[in-house]
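Work through these exercises with the structure open beside you. Try each task before you read its solution.

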Amino acid sequence: MRVLLVDDEEELVTTLAERLNLRGIDVDWATSGEGAMQLAKSNPYDIAVLDVKIPKISGIRLKNELVKIRPGMKFIFVTGHGSEDDFRAGTAEAGAGYYLAKPVNIDILIQKMGAALRDKEEE
Amino acid sequence: MSYQIDSVGEGGLRFFGKMTASISHEIKNVLSIINESAGLLDDLTILAEKGMPLDPARLKTQAGKIMKQIQRADGIIKLMNRFAHSVDESEKGVDLFDMADLIAGLSARFASVRGVELAAVPPKKPISVRTNPFFLQHALWVCLDFVMDQSGKGQKVVLGLDEKENWARVHFTAGPGVFKGSPGTPFPAESETALIRALGAEIEVDEAKGEVILSLPSGKAAS
């Protein structure tokens, strides 16, 4: 499983990547939409974990751009807001099962990644 | 049951809600980083129990991240506290730079999401006004929000202060040729106009200079 993590909080994304790596998951990370798109062009990611609010480009818009680059990619949205609007936006784009509020429980995140990967393989 | 909508009060509540929601988002981010750093320390401890040698440098890095985030949260909470106390009195003498700096701090996340950089420059000598501190905060946000929208990605907005005749002024400057022009809605909006009137203030937009000026009466300046 190859995963791309995108969040503008560098300390968050690097530490989460390190923890996922310890669990044998192949992870790259980016702190901007531009960085994420660059990585996706040269890496066949299965899943992207996106913050709903990424500076300069929203997580939803970034998802649309990443789908153009990697059409089969699955998405998990993460938000710090936990507002009704964010929940609606996240679930509308990714499905209620693929939407998590910060702080994220790593075991639940990995479960969601597994489910997303199974969805991808079934398509 | 009937009620009368007070546009200044309603707009103020909306502003207060927007700021506190942004602060809660920032605190969530801080907690998330602490959560991952503590989680990584836990992971490393479990691996050490299984025989993997502990790397002190890795532990030190995570401890440093946690301490840094605690400092960050402290800064956010201090801003929130200053903001919350702005409703304590309906009129008082305030340092205008203190207010501009506070609103720049509270708006940092909004600026970052838009890809805008913010800077508040202190005046050569302190400028104080006697006013409603919360209304002033709101008016500063109204101007800053407009200038950030007009500037967009990659631009820098500078908050500067000066005095001219009987006015204490806050300049929100993006620079010549930066403003996109033709905002979708009039600026200031009707409810914002009522706010500006309540302060006895004036707003001037200079599209060519890429600047908005908020002028406040300094005739009753606090000594």
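**Exercise 1: Helices on the sheet of chain A**

Helix α5 (residues 106–122) of chain A lies across β1, β3, β4 and β5 of chain A, at about 155 degrees to β4(A). The model is predicted.

Task: Find which strands of chain A α3(A) lies across, and at about what angle α3(A) runs to β3(A).

Solution.
- Step 1. Locate the strands β1 (2–6), β3 (47–51) and β4 of chain A; α3(A) lies across these.
- Step 2. Take the direction of α3(A) against β3(A): the angle is about 155 degrees.

**Exercise 2: The order of the strands**

Task: Work out in what order the five strands of the open sheet in chain A stand, and which are the edge strands.

Solution.
- Step 1. Read across the sheet: the order is β2-β1-β3-β4-β5, with parallel pairing.
- Step 2. Look for strands that pair on one side only: these are β2 (26–30) and β5 (99–101) of chain A, the edge strands.
- Step 3. Check the twist. Neighbouring strands are turned against each other by 20 degrees on average, direction ignored.
- Step 4. Zoom in on one edge. Strand β4 (residues 74–79) of chain A pairs with β5(A) in the parallel sense, over three bridges. Here A:T79 stands opposite A:A101 of β5(A).

**Exercise 3: Two helices in chain A**

Task: Decide whether α2(A) is roughly parallel or oblique to α3(A).

Solution.
- Step 1. Find helix α2 (residues 33–42) and helix α3 (residues 59–69) of chain A; their axes come within 10 Å and cross at roughly 15 degrees.
- Step 2. Apply the cut-off: angles under 35 degrees count as roughly parallel. Therefore α2(A) is roughly parallel to α3(A).
- Step 3. Add the handedness: α2(A) passes α3(A) in a right-handed crossing.
- Step 4. List the contact. α2(A) brings A:G33, A:A36, A:M37, A:A40 and A:K41, while α3(A) brings A:L62, A:E65, A:L66 and A:I69.
- Step 5. Sort by class: six residues are nonpolar, one is polar and two are charged.

**Exercise 4: Two helices in chain B**

Task: Decide whether α2(B) is oblique or roughly parallel to α3(B).

Solution.
- Step 1. Find helix α2 (residues 56–84) and helix α3 (residues 96–106) of chain B; they pack at about 125 degrees, with axes 10 Å apart.
- Step 2. Classify the angle: α2(B) is therefore oblique to α3(B).
- Step 3. Note the crossing of α2(B) and α3(B), which is left-handed.
- Step 4. List the contact: B:L79, B:R82 and B:F83 come from α2(B), and B:L102, B:G105 and B:L106 from α3(B).
- Step 5. Sort by class: four residues are nonpolar, one is polar and one is charged.

**Exercise 5: A strand with two partners**

Task: Follow β4(B) and find in what sense β2(B) and β5(B) pair with β4(B).

Solution.
- Step 1. Strand β2 (residues 117–120) and strand β4 (residues 156–164) of chain B pair in the parallel sense over four bridges.
- Step 2. Strand β5 (residues 167–173) of chain B runs antiparallel to β4(B), joined by seven bridges.
- Step 3. Trace B:V158. Its bridge partner B:A119 is matched by another, B:T173 in β5(B).
- Step 4. Look at the turn. β4(B) and β5(B) form a hairpin with two residues between them, and B:E165 there has a positive phi of about 50 degrees.

**Exercise 6: Where the chains meet**

Task: Find which helix supplies the largest share of the side of chain B that touches chain A.

Solution.
- Step 1. Count the contact: 18 residues of chain B meet 18 residues of chain A.
- Step 2. Find the largest share: α1(B) gives 13 residues.
- Step 3. Sort the chain B side by class: five nonpolar, eight polar and five charged residues.

Notes:
Residues numbered from 1 in each chain as written. Chains lettered and ligands numbered in written order. Predicted model: local features only at pLDDT ≥ 70, side-chain atom pairs only at ≥ 80, totals over all residues. Axes fitted to C-alpha atoms, helices over the stretch in contact; angles between N-to-C directions. Parallel < 35°, antiparallel > 145°, perpendicular 65-115°, else oblique. Left-handed = near helix turned anticlockwise from the far one by under 90°. Contact = placed C-beta atoms within 7 Å. Nonpolar A, V, L, I, M, F, W, Y, C, P; charged D, E, K, R; others polar. Pairing = 2+ DSSP bridges.
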